Amino acid sequence: MKQKGEKITMLTAYDYSTAKIVDEVGIPLILVGDTLGMVVLGYESTIPVTMEDMLHHTKAVVRGTKKAMVIGDMPFMTYTISTEDALKNAARFLQEAGVQAVKLEGGVTVAEKVKRIVECGIPVMGHIGLTPQSINQLGGHKIQGKTPETANRLLEDAKALEKAGVFAIVLETVPAPLAALITKKVSVPTIGIGAGASCDGQVQVITDILGSTVGYIPKHAKQYAKLGDIMSKAIAAYHDEVKSGKFPTEAQSFPMDESILAGLGK
């Protein structure tokens, strides 16, 4: 798609029914992101998310897809301690959850592990820029690559990941001109999130674009619907009708032969 100049769309999904809709629409890449920690499990960051959390949700997403490539997000500290750990956990995503690829954060520092995972037949998507698992080190959700030193470091990270064999690189919260330069300098597709329009593709958290996110909406997100408002109104209407006795009606009830009741209890 990059070679053809065709833009690439990626979305997150965390459950069967959502994945089924995303897949049927024709989105080619579905990421089961560790963002599920915040949008599904209620954590303040992605750091508490475990392999078991990820595998549980990823299995559901895989069951809901037929065409899309499903990518499992490797959670905090599941690939950084050793190459052996990285291989074991990446393999679990394929063997137990049924994904076609994994994603992990970092550039030069994880390149050797990425190379080994790819050598073992597991496709890897890279992720540089704002890497949420390193949020404590980065000092918050800040734009990355604004200085000559940090910009050059991101370019080197991208090149290291390309050399290691990744099939794509997520660029998160990177200035648009720098993302455009990185996109030109590497042969693999770049997938932007808060990285401008020059990336080869875009990824968003599905609850952000649907307007069902609770709380903070990031600058890079665009709400294509306001499902949160729709859900609130529907739930309130249901609550009111139950309290008032308007629900259920005969339309939601099941009849039976009244003569059966007449003989009961005698």
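This section describes the strand barrel and the salt bridges of a predicted model.

The sheet comprises eight strands that close into a barrel, following the order S1-S2-S3-S4-S5-S6-S7-S8 with parallel pairing. Averaged over this sheet, and with direction ignored, neighbouring strands are turned by 25° against each other. Between S3 and S4, which run parallel, there are three bridges. Within this pairing, aspartate 73 stands opposite lysine 103 in S4. Helix H3 packs on the sheet, where it touches strand S2 (29-32) and S3, and the direction of H3 makes about 155° with that of S2.

Nine salt bridges are present in the structure. One of them joins the side chains of aspartate 73 and lysine 103, with an N to O distance of 3.0 Å. Aspartate 73 belongs to strand S3 (residues 69-73) and lysine 103 to strand S4 (residues 101-103), so this pair ties together parts of the sequence that are 30 residues apart. The two residues that stand opposite each other in the sheet are therefore also joined through their side chains. Aspartate 73 counts as buried because its relative accessibility, 2%, falls under the 20% limit. Lysine 103 is likewise assigned to the buried class, at 2% relative accessibility.

A further salt bridge is formed by the side chains of glutamate 52 and arginine 92, at 3.0 Å from N to O. This pair links distant parts of the chain, as glutamate 52 is located in helix H3 (residues 51-63) and arginine 92 in helix H4 (residues 83-97), 40 residues apart. Glutamate 52 has a relative accessible area of 47% and is partly exposed. The contact also belongs to a wider arrangement, in which Glu52, Arg92 and Glu96 are linked in a network of salt bridges. Helix H3 thus carries a residue of this network, glutamate 52, while the helix itself packs on the sheet.

Another salt bridge lies within a helix. Glutamate 119 pairs with lysine 115, and their closest N and O atoms are 2.6 Å apart. Both residues are in helix H5 (residues 111-119), and because they are four residues apart, about one helical turn separates them. Glutamate 119, at 47% relative accessibility, counts as partly exposed. Lysine 115 is also partly exposed, its relative accessible area being 35%. In the strand pair, by contrast, aspartate 73 and lysine 103 are both buried.

Methods
Residues are numbered from 1 along each chain as its sequence is written. This is a predicted model: local features need pLDDT of at least 70, side-chain atom pairs count only at pLDDT 80 or more; totals for chains, interfaces and linings use all residues. Side-chain values use heavy atoms; hydrogens and water are left out. A salt bridge is a side-chain nitrogen of Lys or Arg within 4 Å of a carboxyl oxygen of Asp or Glu. Buried means under 20% relative accessible area, exposed over 50%, partly exposed in between (1.4 Å probe, protein chains only). Two strands pair if DSSP finds at least two bridges between them. Axes are lines fitted to C-alpha atoms, for helices over the stretch in contact, and angles run from 0 to 180 degrees between N-to-C directions. Contact means heavy atoms within 4.5 Å.
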